Structures are given as C-alpha cells and as structure tokens.
Amino acid sequence: MKKIISLTLITTLSLGLVACTSNNQKDANASDATALSSMRIINGHLEDSTTDDKYRTTYEVFVYSFCDSDGDRVGDINGLISKLDYIDELGCNGIWLMPVMPSPSYHKYDITDYKNIDSAYGTLDDFSNLVNECHDRGIDLYIDFVMNHTSSQHPWFKEAVEYLSSLEEGQDIDYEACKYVQYYNFITEPKNGYAPVPGTDNRFYYECRFVSEMPDVNLDSAAVMDEYKDIAKFWYDLGVDGYRMDAVTSYYTEDTQASINVLSEFAEYVHGLDPNLYIVTEAWTAADTYDRYLESGVDSTFEFEFSQAEGYIAKALNTGKASTYAKHLDPSVKGLRAYNEAAIPAPFYTNHDTARTGGYYTGEFATQKAKMGWAMSLTMTGNSFLYYGEELGMRGSGDDENKRQAFLWCDDTNAKGMATALKATKNIDNRLGSLKQQQDDGDSIYNFVKEVIRIRNSSPVISHGEAVFVEEASTDSCCVVEKEYQDKKMWLLYNVGAESQTIDLSKIKGEATIYGAALTNYSVLSIEDDAISVPGYSLVIIE
Ligand code: CA
C-alpha cells in the first residue's frame, strides 16, 4: 500500500505562500522553500485545543529585562502588559513572574516587603491590571514565592537586629519584647553559613546560606508560617493563579524531610484557599530527591534532569543518540507520580539561573540542534516552561547578568520598549537576531518554536499523554515515543541527527497518517509502504 501525502496540495499551497513571504532572497520560489512554509502545509489542519487546567505552556518573565514602558530602560509591569499579545500569539497560556516585590537588588530575590510591587516595576494597581489582562487572554499568572529568606533590609530582620544589639552582655533574649527574633535563626557561636549580627560585637550570628544580604527565615516558627500564608492569600486575593516556590531545598539545609514538611503545610493552606491554585517547586537537585517534594502535595517540581547543557535533551543532541532523551521520559513521570499520583510534570530547558540554550551547540548544525532542543522540551508532558528570549535563540552564560539580558524586540537598543538597564559582564553575540529580524524569516528559531507550541496546543495527547519509548521501532538517532491520553494515541518521532532516518511503521501500527511536524529545513514528508522518512533534526508526529 502506498500512501503519499498529497504533493499536489503542497505545490498549490507553496504557490499561494509566495505572495506573503517577505525576505531578502532573490528568487521568490527559493524564498518560499522555508521550514515554516513546509510546516504550515503539514500542520495546516491543526486547531487549538488547549485545555483550561494546570497543563500549560508557561513563559518565564524577568520583568526587569522584558519591556520598558516609561523610558528608564528598566522593564516594568506596564511594559509586560503591552507585550501580552506577543506572549499569547506565541501560544503560551501561563506566565511565571520572577519576583516583583520591593527589593534592593536588580533580581529581587531578597524582598523587603512581601505585599507590594517594587517601585521600578510599578504599583499594585498596575499588577491588578496585569492580572486582568492576563485573564482576558486565558493566561494564568504565577508569582515567585521566596520563603527561604528575606532581605537583610526587611523590617522583620532590622527590628530583630536592633533588639539584639540593644541587649547587654549576658542578658537573655525576651521573645515577647521582640517577636521578630524568632523569625530568623540566631545563634551565639560562629558557624559555617552564618554571619555576625551587626552591632552585637560577635555575640550573635544569623543563618544566611546564600549571601549575608539574605538572612534565612526560621520556618519552625508558627508565626513565620502564618506570615507566609497571609502573603499567599494577599496575592491570591489580587488574582494570581499560582506560586513558584524558590529554593525549597534550602528551607532546611541537608534535611529534605523537614523542607517537605514545611511545603506540606503551605500546600495544604494554599489548596484550601483554592484547589485550582498551582504550586511548582524549585528543588535544584537530582531526580530521586526532587521527586520526593511531591509528597508535600504541591502540583509540580521542575524536572531538572532534562534541562541545561548537561541534561538529557542537550546530551541526546550532542551525541546524536536519541534514546538518551526518550528512555527517561516514562521513568521520569513515574518517579514524580510515585510520590503524588496527581503530580503534573514540569519540564523546562532553561531558566534565569542557567546558561541559555543558544550557546549549547557548536558546529555546522548548531542552529538546528538549538531548534530541535525546543521541539523536545515543548512536546514533553506537563506544564512546560519557556524562559523569555529562548524563542529567539538569545545567548548568555557565565555571570547571572548575562543570562538575564534585555529581550531583543529589535536591533536598536535605543528603541522604545528595550529594557537594557542590566549590563552584561561580557560581550554576547546574539547571532540569530532580534524578534523583528526573525518574524518574517521562515527559517528562524522564533517561527520554529512558535510552530512547536502550536503543535503542542493542538492536542492534549501531546501535553497530557503518557509517554513511552518504543525502542524496537527507533533507530540510533531517531526515537519513537508513543503518547496516549484518554484512549487516543500518537507517535512522536524525534530525529536528533543530521541524516534522515527511515522508521518502519509496521513496528508501531498498521496504518498511519502524518499528524504534524516540526522541521528545521524545508521538507516534503510522505508515508510509503509502511515506512516514513524523518528528516534530520526534526520531529514528525503520526497517528
Ligand atoms: Ca521602566
């Protein structure tokens, strides 16, 4: 039996697309032969079928560097609001905001007031507008929740320090006199991870595992937990849809169970407010430990093992061995659900603490590998996270500032909206260009990522399905992953090598049709005699 995807259709649509492509290539026909035009033909029938649950495609925004509305070059909430249509059109239906509360630092992870907005970012009214504008577009908004430490400038800490420095030598702490002393971990002997309390002549030390500007709070204190519950309620009342819990492994240093217990109390409270509130934890550690955090009743924990330059995705692309990625999909989800049956996987590839993927790959196929990595990450089951600017292949590594640079709306750094206040510590060559450059380029990473998200949003089998590696149907560089959801099955064929790979469909199912594809080159796909050829660095989905 011979089934060939209609070449006539492809020819007709190709001609139709010539008129609306706009790039600088001389030959109109050549300019049409882009990966995007090819994908538009193959994916043309796909319709949006996103579900209104916690399985989303979530865009991580660093407000400081995203979009500036008032000309000071620091991004702000009104700037973000002006770009919600961009995020919506990209296909994302969730936003995770890095901290927006008042803080002396640019990154704002050391908070001085948990119930306000940093003045550089705007006001609580602006935030309320943001919530409404997000909800008008069907976008859920999650805030960063920093419960491990405050700023050393936080009034709680300042009052505690003032009280301790007022004590006479040998005088006992009176917790009634200053309740904030119990908000932190004070001791009287020097210890690793502690710093001297200013003004106490080394009579007291406070726990600060990250830096001295970030004193660790005492989560054993019921009063502290009540404060954080109250803070969670404050933002819930403003309309937020969830919380990304910062640094949960540091709640109790080297005591995972104690950290989990704190999260249990928090999750019980939050889900008691509203079971639809989403909680995802940042447990930056190995899977056998981060899985355990789900025991607390939080919805998700980030799947670190697939992320970064050493994770399963990048490793598969750098070695051309597809099983490196595929064989971990099922065990990874099973690992999470062993602790919580309702766990929602939270795949991500990069975040504000990691090097950007634009720099993970070198050589002839660097750009194709960069694109393909996103096809692998964004078709994973769960609530999938995309760090701003990754859709442009922005680069940045080394010092944190380099990973958090201004979103490249256009090439002119002086243009309105460019949030360039944060300076990089080295030159960054964003060789794939700005959004403006990439939008009309059918071979850009931007158009590729957008098309991948369109595929993701077209079927809950992709976003929700159970994924199993079909090893017997795979080749070395092309893995077959079966996904199933509500009795519907699809097969995702990921080719992580440069050569096209022929997959024997009889090892998968009898008759198959092409559902969709994410291609890094113009390709014509066909199914012939129960075999399909998957182009290099491409994802082809059959059903
Ligand atoms: Ca601004």
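Reader: Along the chain, what spacing do the calcium ion's donors follow?

Author: The spacing is D-x1-D-x1-D-x1-V-x1-D. Donors here are N, O and S atoms within 2.8 Å of the metal (3.2 Å for Na, K and Ca), and water is not among the atoms, so sites may look incomplete. This is a predicted model, where local features need pLDDT of at least 70 and side-chain atom pairs count only at pLDDT 80 or more, while totals for chains, interfaces and linings use all residues. Residues are numbered from 1 along each chain as its sequence is written, and side-chain values use heavy atoms, with hydrogens and water left out.

Reader: Thanks! Which residues coordinate the calcium ion, and at what distances?

Author: Asp68, Asp70, Asp72 and Asp76 each coordinate through OD, and Val74 does so through O. The distances run from 2.2 to 2.4 Å.

Reader: Is Asp70 buried or exposed? And Val74?

Author: Asp70 counts as exposed because its relative accessibility is 52%. Val74 is buried, with a relative accessible area of 10%. The cut-offs are under 20% for buried and over 50% for exposed, with partly exposed in between (1.4 Å probe, protein chains only).

Reader: Switching to aromatics, how many pairs are there?

Author: There are 43 aromatic pairs in the structure. One is Tyr114 with Trp156, stacked because the ring centres are 5.8 Å apart and the planes are at 25°. Rings of Phe, Tyr and Trp (its six-membered ring) pair if their centres lie within 6.5 Å; planes under 30 degrees apart are stacked, over 60 edge-to-face and the rest tilted.

Reader: How many residues apart are those two in the chain? Are they buried or exposed?

Author: Tyr114 and Trp156 are 42 residues apart, so to speak a link between distant parts of the chain. Both Tyr114 and Trp156 are buried.

Reader: What about Trp284 and Phe304?

Author: That pair is stacked too, since the centres are 5.4 Å apart and the planes are at 15°. The pair ties together parts that are 20 residues apart in sequence. Trp284 counts as partly exposed at 40% relative accessibility, whereas Phe304 is buried at 5%.

Reader: Which residues form an aromatic cluster?

Author: Tyr59, Phe66, Tyr86, Tyr387, Tyr388, Phe407, Trp409 and Tyr446 form one.

Reader: And what lies over the face of Tyr388?

Author: Arg356 does, at 4.7 Å from the ring centre. A charge sits over a ring if NZ of Lys or CZ of Arg is within 6 Å of the ring centre and within 35 degrees of the ring normal. Elsewhere, the charged end of Lys108 sits over the ring of Tyr121, 5.2 Å from its centre.

Definitions and conventions. Helices (H or I, at least four residues) and strands (E, at least two) are DSSP runs, numbered from the N terminus.
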